[in-house]
Amino acid sequence: MKSHYMNPYLAGLFLGLVLLFAFFFSGRGLGASGALKRVVIETVGTIAPEHASNSVYFSKYIGPDKGNPLNHWLVYEMLGVVVGGFLSGALAGRLKWKVEHSPGITSKKRLIMALIGGILFGYGSQLGRGCTSGAALTGMAVLSVSGFVTMASIFGTAFLFAYVVRKNWI
Amino acid sequence: MGPLVPQEIIGEGWNFFIAFIVGIGFGFALEQAGFSSSRKLVGIFYGYDTVVLKVFFSAALVGMLGLLMFSLFDWIDLNLVWVNPTFLWSAIVGGVIMGVGFVVGGFCPGTSVCAAAIGKLDGLMFVGGIFIGIFIFAESFPLVKSLYMAGNFGHLKLSTVLGISQGFLVFLVICAALIMFWIGEAAEKRFAREDITREV
């Protein structure tokens, strides 16, 4: 039984309106990796505060005048994503613990690949100053050069590399 | 008039509440589109499902066209809307690494959180990977700092580079998107994989 997803163009229209709402109210677009970065900063800052304040990258975000790194627009937005995703999954009857993978690979392999992909995406999102939502989608909507470059770079590379990992998917 | 918070028409205290509401809409849209499924997401790279292309470009078009019209009607002051700065080389290299991560892991950050929210353990694993990747980046930052800062063009817009108006650029992107939508629809027929699309 095929899951019933929203028509993709309609879902895109809805997502675009959410983006526009963010611009109109907060003067900024969507994002995801920025919120996860703040979770990492807060975690490192709690476990090893000295290490965090000595880190060239993290120290930009911590300090007596900076407040809690988690007290940020993107963190609240990502909490909303969890709620919104859960609500949609609940309404559509898609709430289920599972490892989604092609029959050609095991669950274990899928989880390892997901972990490796996440590590790469996490690294790249910091180097590229944002991910698909913050840099590519929002960047393109405000017509920034970086938005178009990041979008082309992500999707272009993924197309080229798709052949190498095809056995994981098809 | 807008943006409302930066102009203090709505108090700063409301900004995080707005962020939360925006996030609910964002997560709901992603999940409804099927972005909680890695096998649907990577379909674009093998042609059997091009939902990523359709949703991503429809949303970007609504965003850019909406901003332009809001600005035309004086509903929003575009000078107060954040424009991502362009650091050319880090955007390219970062994008390359993210592209490999996308097709290896089957998600991007927003979609992995959305997938984890409905119980996908591969989504949760991807989120864990992102944390590790961000940590590694921070630790290796001194090594890549020169790349990170290279090619700084500031808050540059593509319309400025091309020497055309913002409206004409949006028109060109709409044309490009329509062509890509047509290719996407054709690809789904040409590379149809009933066995996969039935399951996802």
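A residue counts as buried here when its relative accessible area is under 20%. With that cut-off in hand, here are some close-up views of a predicted model.

**Figure 1. Helix H6 of chain B is mostly covered.** This helix spans residues 109–117, and eight of its nine residues are buried. The buried set begins with B:Pro109, B:Gly110, B:Thr111 and B:Ser112. It continues with B:Val113, B:Cys114, B:Ala115 and B:Ala117. Follow the chain past the helix and you meet B:Gly119, which has a positive phi near 100°.

**Figure 2. Chain A and chain B meet in an interface that buries about 11,000 Å².** The size of an interface is often given as the accessible area lost when the parts come together. Here, carbon and sulfur atoms give 76% of that buried area. The contact draws on 119 residues of chain A and 129 residues of chain B. Three residues worth finding on the chain A side are A:Phe24, A:Arg129 and A:Trp169, which supply 8% of the area that chain A buries against chain B, more than any other three residues.

**Figure 3. Salt bridges and polar contacts link chain A with chain B.** How many salt bridges cross this interface? The rule finds three. In one salt bridge, B:Lys120 pairs with A:Glu100, and their closest N and O atoms are 3.1 Å apart. Residue pairs in polar contact across the interface of chain A and chain B number 42, counting pairs with both residues at pLDDT 80 or more. Several helices of chain A each supply at least two residues to the side that touches chain B: H1 (8–26), H2 (33–47), H4 (73–91), H5 (107–127), H6 (132–141) and H7 (145–162). Which of the elements gives the most to this side of chain A? H1(A) does, with 18 residues. Sorted by type, the residues on the side of chain A that touches chain B are 72 nonpolar, 36 polar and 11 charged.

**Figure 4. A:Tyr9 reaches across to chain B from helix H1 of chain A.** Apart from neighbours within four places in sequence, A:Tyr9 is in contact with B:Lys54, B:Ser58, B:Phe181 and B:Glu185. Look for B:Glu185 in particular: its side chain and that of A:Tyr9 are joined by a polar contact of 2.7 Å. Is A:Tyr9 buried, partly exposed or exposed? Its relative accessibility is 27%, so A:Tyr9 counts as partly exposed.

**Figure 5. Two domains of chain B lie against each other.** Domain 1 takes in residues 1–82 + 164–200 of chain B, while domain 2 covers 84–156. Their C-alpha centres are 19 Å apart. In this view, 12 residues of domain 1 are in contact with 14 residues of domain 2. Between them, the two domains bury about 1,100 Å², with 75% of it on carbon and sulfur atoms. If you go looking for salt bridges between domain 1 and domain 2, the count is zero. For polar contacts, the count is one residue pair, with both residues at pLDDT 80 or more. On the domain 1 side, the elements that give two or more residues are helix H1 (15–33), helix H2 (38–41) and helix H3 (43–46) of chain B. H1(B) provides the largest share of that side, three residues. The residues on the domain 1 side divide into seven nonpolar, four polar and one charged.

**Figure 6. Two residues that are not glycines have positive phi values.** A:Leu143 has a phi of about 65° and is found in the loop between H6 and H7 of chain A. Is A:Leu143 buried or exposed? Its relative accessibility is 3%, so A:Leu143 counts as buried. B:Glu8 has a phi of about 60° and sits in the segment before H1 of chain B. B:Glu8 has a relative accessible area of 69% and is therefore exposed.

**Figure 7. A cis peptide bond joins B:Gly2 and B:Pro3.** The omega angle of this bond is about -5°. To find B:Pro3, look in the segment before H1 of chain B.

Methods. Residues are numbered from 1 along each chain as its sequence is written. Chains are lettered from A and ligands numbered from 1 in the order in which they are written. This is a predicted model: local features need pLDDT of at least 70, side-chain atom pairs count only at pLDDT 80 or more; totals for chains, interfaces and linings use all residues. Side-chain values use heavy atoms; hydrogens and water are left out. Domain bounds come from an automatic or database domain assignment. Contact means heavy atoms within 4.5 Å. Buried area is the accessible area (1.4 Å probe) that two parts lose on being put together, summed over both. A salt bridge is a side-chain nitrogen of Lys or Arg within 4 Å of a carboxyl oxygen of Asp or Glu. A polar contact is a pair of N or O atoms within 3.5 Å; within protein, one must be able to donate a hydrogen and the other to accept it, and residues adjacent in sequence count only if both atoms are side-chain atoms. Helices (H or I, at least four residues) and strands (E, at least two) are DSSP runs, numbered from the N terminus. Ala, Val, Leu, Ile, Met, Phe, Trp, Tyr, Cys and Pro count as nonpolar, Asp, Glu, Lys and Arg as charged, and the others, Gly among them, as polar. Buried means under 20% relative accessible area, exposed over 50%, partly exposed in between (1.4 Å probe, protein chains only).
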